Amino acid sequence: AQLIDPEARAQAAQLSDALPRLRQKLKSYEDPCEQQEELKDAPQVSQKAQSLFQLLTDLRNKGKGIVFVTQVIVTAPLANLIQAHVPECVADAFYGDMPKKD
């Protein structure tokens, strides 16, 4: 069995303790945002994401594919969006810590 580093365990506990406060803070922003008219008409996903969903829908029977992103932070949210908007497409987020080379 693999042991978890005590420092990592302490950090995980600290983050778990902070999570309820962060959720409450985020919830406090819901009402003010819902009252802003310009936000009511904003699309739930970008046109770029909608185009990707359409492309994946069109190519769903063509085999497997990889979607590359420029920022690691968008991998998991994009995989979740793909699963939600193109249910017949299996999406998962994979990333590594390799440096970007031009």
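Colleague: What makes the pair of side chains Q54 and D58 a polar contact?

Modeller: The distance between the two side chains is 2.8 Å. The cut-off for a pair of N or O atoms is 3.5 Å, so the pair qualifies. Keep in mind that this is a predicted model.

Colleague: Where does Q54 lie?

Modeller: Q54 is part of helix 3, which runs over 47-58.

Colleague: Why is Q54 called partly exposed?

Modeller: Its relative accessible area is 45%. Buried would need under 20%, and exposed over 50%. The value for Q54 falls in between, so Q54 is partly exposed.

Colleague: How far apart are Q54 and K25 in sequence and in space?

Modeller: They are 29 residues apart in sequence. From C-alpha to C-alpha, the separation of Q54 and K25 is 35 Å.

Colleague: Now T75. Is T75 buried or exposed, and how do you know?

Modeller: Buried. The relative accessibility of T75 is 13%. The limit for buried is under 20%, therefore T75 meets it. T75 belongs to helix 4, which spans 75-85.

Colleague: Which backbone atom does the side chain of T75 have a polar atom close to, by distance in Å?

Modeller: The backbone oxygen of V72, 2.8 Å from a polar atom of the T75 side chain.

Colleague: Which residues is T75 in contact with, leaving aside neighbours within four places in sequence?

Modeller: V69, A93, F94 and Y95. Contact here means heavy atoms within 4.5 Å.

Colleague: What does A93 touch, not counting residues up to four places away in sequence?

Modeller: T75, A76 and A79. A93 itself sits in the segment after helix 4.

Colleague: Why is A93 called partly exposed?

Modeller: The relative accessible area of A93 is 22%. Buried stops under 20%, so A93 does not count as buried. Exposed needs over 50%, so A93 is not exposed either. For scale, the C-alpha atoms of A93 and Q35 are separated by 34 Å, with their positions 58 residues apart along the chain.

Colleague: And what makes G96 partly exposed?

Modeller: Its relative accessibility is 43%. That lies between the limits of 20% and 50%, so the label holds. G96, too, is placed in the segment after helix 4. The C-alpha atoms of G96 and K27 are 32 Å apart. Along the chain, G96 and K27 are 69 residues apart.

Colleague: Which residues make up the largest nonpolar core?

Modeller: There are 11: V45, A49, L52, F53, L56, L78, A79, I82, V86, C89 and A91. Helix 3 and helix 4 each bring at least two of them. The largest share comes from helix 3, with 4 residues.

Colleague: What does L78 touch, not counting residues up to four places away in sequence?

Modeller: L52, V67 and V69. L78 and L52 are both members of the core.

Colleague: On to the pockets. What is the volume of the largest pocket?

Modeller: About 1000 Å³. Its lining has 33 residues. G65, I66, V67, F68 and D92 lie nearest its centre.

Colleague: Which helix gives the most to that lining of the largest pocket?

Modeller: Helix 4, with 4 residues. Helix 3 also supplies at least two.

Colleague: How do the lining residues of the largest pocket divide?

Modeller: Into 21 nonpolar, 6 polar and 6 charged.

Colleague: Which residues line the second largest pocket?

Modeller: V45, S46, K48, A49, L52, V69, V74, P77, L78 and L81. The volume of this pocket is about 230 Å³. At least two of its lining residues come from helix 3, and at least two from helix 4.

Colleague: How many residues of each class, nonpolar, polar and charged, does the lining of the second largest pocket have?

Modeller: The count is 8 nonpolar, 1 polar and 1 charged. Lys counts as charged, so K48 is the charged residue. Ser falls among the others, so S46 is the polar residue.

Technical notes:
Residues are numbered from 1 along each chain as its sequence is written. This is a predicted model: local features need pLDDT of at least 70, side-chain atom pairs count only at pLDDT 80 or more; totals for chains, interfaces and linings use all residues. Side-chain values use heavy atoms; hydrogens and water are left out. On a 1 Å grid over the protein atoms alone, a cavity is a set of points where a 1.4 Å probe fits but cannot get out, and a pocket is an open set with protein on both sides within 12 Å along at least five of seven lines; lining residues have an atom within 4 Å of a point. Grid points are joined across faces, edges and corners, and a volume is the space filled by probe spheres set on the points. A nonpolar core is a set of buried Ala, Val, Leu, Ile, Met, Phe, Trp, Tyr and Cys residues joined through side-chain atoms within 4.5 Å. Buried means under 20% relative accessible area, exposed over 50%, partly exposed in between (1.4 Å probe, protein chains only). A polar contact is a pair of N or O atoms within 3.5 Å; within protein, one must be able to donate a hydrogen and the other to accept it, and residues adjacent in sequence count only if both atoms are side-chain atoms.
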